[in-house]
Amino acid sequence: MKEQRITLKNEEGLHARPAAIFVRLASRFNSDITIESNGITVDGKSIIGIMSLGAFCGEEIKITAKGNDENVATKALVQLIQNNFEI
């Protein structure tokens, strides 16, 4: 299992467009992916789950990946957030 904490720096946080981009990328990986924010954990491949977190700019989230491609998945998802959801 690979975990990584990161602070959201994009203006929208994890809402609508950023959530959809995150899910699209997360779905490419075989690993189970979760996101945790404020003590709530959701499926990282579920747009509804991610949007329900209500994670805003400046908040820290934890991305967890568990599976055969967990290292690559975590790295790619962290890079996505660092690049303000620009693919």
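**Exercise 1. State how much area the protein chain exposes and what share carbon and sulfur atoms supply.**

Solution. The exposed area of the protein chain is about 4,900 Å², computed by the Shrake-Rupley method with a 1.4 Å probe, where for residues only the protein chains shown count as cover. Carbon and sulfur atoms supply 47% of that area. The model is predicted: local features need pLDDT of at least 70, side-chain atom pairs count only at pLDDT 80 or more, and totals for chains, interfaces and linings use all residues. Residues are numbered from 1 along each chain as its sequence is written, and side-chain values use heavy atoms, leaving out hydrogens and water.

**Exercise 2. Describe the order of elements and the overall dimensions of the protein chain.**

Solution. Start with the count: the protein chain has three helices and four strands. Helices (H or I, at least four residues) and strands (E, at least two) are DSSP runs, numbered from the N terminus. Next, read the order from the N terminus: β-α-β-β-α-β-α. Finally, take the box along the principal axes: the C-alpha atoms fill roughly 30 × 25 × 20 Å.

**Exercise 3. Find the percentage of the 87 residues that count as buried, and place Ile47 on the scale from buried to exposed.**

Solution. Buried means under 20% relative accessible area, exposed over 50%, and partly exposed in between (1.4 Å probe, protein chains only). Of the 87 residues, 44% count as buried. Ile47 lies in helix α2 (residues 47-53). With a relative accessible area of 32%, Ile47 is partly exposed.
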